[in-house]
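Colleague: I should be grateful for a close look at a single part of this model, namely one pair of packed helices. Please describe how the two are arranged and what forms the contact.

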Amino acid sequence: MWFFARDPVRDFPFELIPEPPEGGPPGPWALHRGRKKATGCPVSIFVYDVKPGAEEQTQVAKAAFKRLKTLRHPNILAYIDGLETEKCLHVVTEAVTPLGIYLKARVEAGGLKELEISWGLHQIKALSFLVNDCSLIHNNVCMAAVFVDRAGEWKLGGLDYMYSAQGNGGGPPRKGIPELEQYDPPELADSSGRVVREKWSADMWRLGCLIWEVFNGPLPRAAALRNPGKIPKSLVPHYCELVGANPKVRPNPARFLQNCRAPGGFMSNRFVETNLFLEEIQIKEPAEKQKFFQELSKSLDAFPEDFCRHKVLPQLLTAFEFGNAGAVVLTPLFKVGKFLSAEEYQQKIIPVVVKMFSSTDRAMRIRLLQQMEQFIQYLDEPTVNTQIFPHVVHGFLDTNPAIREQTVKSMLLLAPKLNEANLNVELMKHFARLQAKDEQGPIRCNTTVCLGKIGSYLSASTRHRVLTSAFSRATKDPFAPSRVAGVLGFAATHNLYSMNDCAHKILPVLCGLTVDPEKSVRDQAFKAIRSFLSKLESVSEDPTQLEEVEKDVHAASSPGMGGAAASWAGWAVTGVSSLTSKLIRVHPTTAPAETNIPQRPTPEVPAPAPTPVPATPTTSGHWETQEEDKDTAEDSSAADRWDDEDWGSLEQEAESVLAQQDDWSTGGQVSHASQVSNSDHKPSKSPESDWSSWEAEGSWEQGWQEPSSQEPPLEGMRLASEYNWGGPESSDKGDPFATLSARPSTQPRPDSWGEDNWEGLETESRQAKAELARKKREERRREMEAKRAERKAAKGPMKLGARKLD
């Protein structure tokens, strides 16, 4: 018998949250918040307690229970479950909030937008469904009968007093509640029945009362309807039709919505159009869906946050999962993702993102790379290393330059989350190949920039093998912005080099750039040289600083060490991207292996006489850019202020370089010829050779090779200092450096002390030296004469014809 003694309320799969009821429509029901016991999913529970002597109210409640259970419409409160016992009725619906409470909360939070109200009133099209399709009269349209779900959708409830429009079930039930009877139209007071009306006339009057309450607050009395108050002007004409005294002229609910949707009407806006499209998205053509999602992201900023989270987001996820929407959903998807909490993002967005990375659609891949900054913080390290990075690295080998570029730049965000093998081995392999062989100069430049930014995340051994060699190779690149990036790369990672490396490896490379054909490269080189020299000098003056200066050299990689590189060269992510696209479109840069590199020959290695070499494509000036003013002010004492320095915009540097391609043309050709000849005689390995050898051998074990001792010039060979590095004829801008070799001998020496008159001292010095030399010659002559006289006296006079014996 225990089975019959079970409590059905206790076994009900839903439970009430122990809080006071939220309220509900005036009548028998009390609205409570609840949840499903199994999943904790929130719901709303309408509760009616059966009381003795209230049979009429009990019948009304049971009728409402039945109506809500059988009526299914998107704009009618969604029924989930119910419980009917002798003591109570429980009706479980989707989680909703009474419209009055919702509007009050929205006003306190900053106001309710007309866009939301326009769509909310449009959703009362449920009246059209009831009247025109079901021949039912709602008979209870008011503020208390409308509820709002978590997406901001208005739902029609309060079905307690519904009756048939065909008169099958008798007349309208008696309400007996004054709060509800004030919404009855005036013709109901006429018991004669002579008033001609339509079946929807009473509900449309009540809809007019609802509109008045939405904009003006609770309706005090029926006479207040004569003053529209705060109702928008575009809605006033249609509102007046609803509350007209003649019930015959009150419009059908369908016609009312049609009138409000006319051009210039209250419901003619982007928000309503978006909602209507989403309701019918399953039957739309693929081309229509593509266009809709492309335009959606522009409108999301003006849409309510709850609407974006709970209505737009599910549709976007469904469109990607089942509708083959592709890359067009990414932009609105990530825009909506900003409204989600970290937990919601992990549950809803991340699984989709991980799946997208495995797509072979190029448009999808490049969109993901471009917008990685919006979701990278939600990705954990195991997911990045096992599910995302293996797919991302395919972009390094893509034939599309735009994908290669975006893949390189995405490493700035992925590097902190990569493990030892992916970061120090796999990624460095791809970077070495891109910097050495990629045909696009801007991509080689971005590779150098990215390496400088992520250098602090590399292991100490990898940093020692890679950074110096990579940046040294960048300084030999034919693309001038790449050479600038190499110099700035040294600067960004200055704390990762020992003082010995600074003196023996870095400064010789930077000194070679002081005669670079491009002034922007020279400017940065001089700036870096002064800073490195100042750092070396400070340690020389106070050797106790050495340990502090080199504290990061052998330190393990750490995200905290990335702060310096993160603030370096903001142009890497912003300026270069537009420049890269422009250069790739207009004029592709040839690969380093196939391009003449304008580099000054090193003085310690002899070189043959230069021969004419055709100008390189990278200095032809074909890119359509314009020169921008650059601030070249330098602070020679700022040895340790690399992170605070503004290294300028690389885009400006590059555009200035491309606008000055005619400068130093002669010097570039001569120096290239010298470098080509030097390659046959140079006995030691250059710093960048390690970078290329790693690509071929798969490791960095060779390390830096110290150059051999200086050899004397070969016979017939000219020193590098004897070459003409660009006279006046090779520069049309009067560059003093370009014309340095053409100075007349009468000009002051570079090391002259200034404008003071030192001619007198110099003349006296020359005269003194000449007098001293003359005296020495006289003394030497006298000594020689005295010795001859002594020999002559010792031998005596020689006879004529005698033979001299030695």
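Modeller: In this predicted model, helix 17 and helix 19 are roughly parallel to each other, because angles under 35 degrees count as roughly parallel and these two helices pack at an angle of about 10 degrees. Their axes lie 8 Å apart. Helix 17 covers residues 401-414, and helix 19 covers residues 441-454.

The contact draws on residues from both helices. Helix 17 contributes Pro401, Arg404, Glu405, Val408, Lys409, Met411 and Leu412. Facing them, helix 19 supplies Ile443, Asn446, Thr447, Cys450, Lys453 and Ile454. Sorted by class, the residues of this contact comprise seven nonpolar, two polar and four charged. Among the nonpolar ones are Val408 and Leu412 of helix 17, together with Ile443 and Ile454 of helix 19. The two polar residues are Asn446 and Thr447, both from helix 19. Charged residues come from each helix, including Arg404 and Glu405 of helix 17 and Lys453 of helix 19.

For comparison, another part of the model is built from strands. An open sheet of five strands has the order 1-2-3-5-4 with antiparallel pairing. Its edges are strand 1 (14-16) and strand 4 (79-84), each of which pairs on one side only. Within this sheet, neighbouring strands are turned by 30 degrees against each other on average, direction ignored. Strand 2 (residues 30-36) and strand 3 (residues 42-49) run antiparallel and are joined by six bridges; alanine 30 stands opposite valine 47 in strand 3.

Note on methods:
Residues are numbered from 1 along each chain as its sequence is written. This is a predicted model: local features need pLDDT of at least 70, side-chain atom pairs count only at pLDDT 80 or more; totals for chains, interfaces and linings use all residues. Side-chain values use heavy atoms; hydrogens and water are left out. Axes are lines fitted to C-alpha atoms, for helices over the stretch in contact, and angles run from 0 to 180 degrees between N-to-C directions. Helices (H or I, at least four residues) and strands (E, at least two) are DSSP runs, numbered from the N terminus. Angles under 35 degrees count as roughly parallel, over 145 as roughly antiparallel, 65 to 115 as roughly perpendicular and the rest as oblique. Contact means heavy atoms within 4.5 Å. Two strands pair if DSSP finds at least two bridges between them.
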